[in-house]
Amino acid sequence: MLNLKNKNLVLYLLVGLLILFIASSVYLLNNPLLNISKIPSIALNSVRRELFGIIFYHHNYIQNERLENEKAFLRQKINSLNEIYLENLRLKKLLSYKQESPFKVIPSKVIARSPDNWSSVVIIDKGSSNGIIRGQAVINNLGLIGRVMETAAFASKVMLISDPNLSVSAIVQRSRQEGLITGTLGTQLIMKYLPEDADIKVQDKIITSGMNQNYPKGILIGSVVEVAYEFSGLGRYAIIRPAVNLSFVEDVFVIIR
Amino acid sequence: MKKLIFCMILIASGIIQITLLNYFRLFTIKVDLLLICMVIAALSFPLKWSLFFCLFSGIFKDAFSANDFGINTVLFCLWGFLITKLMRKIAIDNNMMRLLLIAVVTLLHNLLTGIILMYCGVVVPFGVILRMIILSPILTSIFFTPLFKFIKKACPDSL
């Protein structure tokens, strides 16, 4: 089919080598492309938001009414909780409790996603100029989302916990059983390396163990939906449903300290 | 001029793929617009330009993926080259042949990407791999014809 002559063969080999060289240096183009893509991505996201606003007008109207009621209720609750919080602060001061410092986070928005089906990656609109560095954990109000894998000046690439390249050391909140959470590229995660007699049940909450400095201890990862024996029969594994719906994550926080 | 228009369409397809297409997924699988553009480029342009567009779309895809090595850059160029060579032997001038070609290319692309990832030590459940290998060619083939017709209207001389 190819019918290559010697002269052509050399040419094709050279082109092939050039392509291989470019492919191995593709990571050098990541930063400029991440920065360039920010503007059209934000514009397209705005168009999508406006379109969805028009299409789902009725749904939004009903939801708005419900949320208004909820807001009034929550405002009252915040007021009462604020009182309790202030009281708590006063009492802690009195008892000279050592208060563990909370996370310092940077709020950010998801502006793009991985173009292929073989990786779970999102691009966020904050980068190294905002103090984000590689390896920092990314969360939202529901739980763990992933880890910063690359930063450009004004955007960063975040690998989601559903990516099989990312593993997180985790524990079962109830029994403190340790395991390793890995992504599957699907909607669920796998907790591996559980011993045969592991104390783990369906609906147990899974949190980060704090073994890795990048992930502070106690961040919710998800809940157990199934526990089964490994093929070898030597250990068990658990299927975890992530606390965060990773397919539609939009607002995230990067833990910078 | 037609090359410039095609390049613009390629960039627009890439941006749509990383933004809007996330909301139109079937069982977490989405359409590969860049692969479609790559096949159209291979069907429409001479080898030199076809390789350039394949390289461009491959780099675009790899830049936003999690891969350290440009798997898509290499594979896209390989598919572009093979399609151009195949066109000298077989006439790919009707819709059925084009659909068959895009389905085969998507299937092979996903199969090879999966094998490369597994070879690199990434463990992906068999069900997920099967879903990608089966669903991705179907979805990509469905979107091929409208995009092909659109590009044909946008730059008619090339097709």
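The following paragraphs describe the contact between chains A and B, the strand barrels of chain A and the helix packing of chain B in a predicted model.

The contact between the two chains draws 38 residues from chain A and 38 residues from chain B. On the side of chain A that touches chain B, at least two residues each are supplied by helix H1 (6–24), helix H2 (30–55), strand E1 (105–113) and strand E2 (121–124) of chain A. The largest share of this side, 8 residues, belongs to H2(A). By class, the residues of the side of chain A that touches chain B comprise 21 nonpolar, 13 polar and 4 charged.

Within chain A, two domains are assigned, domain 1 (56–95) and domain 2 (103–257). A distance of 28 Å separates the C-alpha centre of domain 1 of chain A from that of domain 2 of chain A.

Chain A contains a closed barrel of 6 strands, in which the order is E1-E2-E5-E4-E3-E12 and the pairing is antiparallel. On average, and with direction ignored, neighbouring strands of this sheet are turned by 45 degrees against each other. Within this barrel, E2(A) is joined by 4 bridges to strand E5 (residues 156–160) of chain A, and the two run antiparallel. Ser156(A) in E5(A) is the bridge partner of Ile124(A). Helix H2(A) lies across E1, E2, strand E4 (144–151) and E5 of chain A, and its direction makes an angle of about 85 degrees with E1(A). H2(A) also provides the largest share of the side of chain A that touches chain B.

Another set of 6 strands in chain A closes into a barrel, with the order E6-E7-E8-E11-E10-E9 and antiparallel pairing. Here the average turn between neighbouring strands, direction ignored, is 40 degrees. Strand E6 (residues 167–172) of chain A pairs with strand E9 (residues 205–208) of chain A in the antiparallel sense over 3 bridges, and Val172(A) stands opposite Ile206(A) in E9(A). E9(A) in turn pairs with strand E10 (residues 220–229) of chain A, in the antiparallel sense and over 3 bridges. In that pairing, Lys205(A) has Ser223(A) in E10(A) as its bridge partner. Between E10(A) and strand E11 (residues 235–242) of chain A, antiparallel pairing extends over 7 bridges, and Tyr229(A) is placed opposite Arg236(A) in E11(A). E10(A) and E11(A) form a hairpin with 5 residues between them, and Gly233(A) in the turn has a positive phi of about 80 degrees.

In chain B, helix packing was examined for three pairs of helices. The axes of helix H2 (residues 33–44) of chain B and helix H5 (residues 95–119) of chain B come within 11 Å and cross at roughly 125 degrees. H2(B) is therefore oblique to H5(B). The crossing of H2(B) and H5(B) is right-handed. In this contact, Leu35(B), Ile36(B) and Val39(B) of H2(B) meet Leu101(B), Ile102(B), Val105(B), Thr106(B) and His109(B) of H5(B). The contact of H2(B) with H5(B) contains 6 nonpolar and 2 polar residues and no charged residues.

H5(B) also packs against helix H6 (residues 126–154) of chain B, with axes that come within 8 Å and cross at roughly 145 degrees. This crossing of H5(B) and H6(B) is right-handed. Residues of H5(B) in the contact include Asn95(B), Arg98(B), Leu99(B), Ile102(B) and Thr106(B), and those of H6(B) include Ile129(B), Met132(B), Pro137(B), Phe144(B) and Phe148(B). Ile102(B) and Thr106(B) of H5(B) are also among the residues that meet H2(B). By class, the contact of H5(B) with H6(B) has 11 nonpolar, 8 polar and 1 charged residues.

Helix H3 (residues 47–63) of chain B and helix H4 (residues 71–89) of chain B have their axes 7 Å apart and pack at an angle of about 155 degrees; H3(B) and H4(B) are therefore roughly antiparallel to each other. The crossing of H3(B) and H4(B) is right-handed. Among the residues of H3(B) in this contact are Leu47(B), Leu51(B), Cys54(B), Lys61(B) and Asp62(B), and among those of H4(B) are Ile71(B), Phe76(B), Cys77(B), Trp79(B) and Phe81(B). The contact of H3(B) with H4(B) has 10 nonpolar, 7 polar and 2 charged residues.

Technical notes:
Residues numbered from 1 in each chain as written. Chains lettered and ligands numbered in written order. Predicted model: local features only at pLDDT ≥ 70, side-chain atom pairs only at ≥ 80, totals over all residues. Contact = placed C-beta atoms within 7 Å. Nonpolar A, V, L, I, M, F, W, Y, C, P; charged D, E, K, R; others polar. Domains from an automatic or database assignment. Pairing = 2+ DSSP bridges. Axes fitted to C-alpha atoms, helices over the stretch in contact; angles between N-to-C directions. Parallel < 35°, antiparallel > 145°, perpendicular 65-115°, else oblique. Left-handed = near helix turned anticlockwise from the far one by under 90°.
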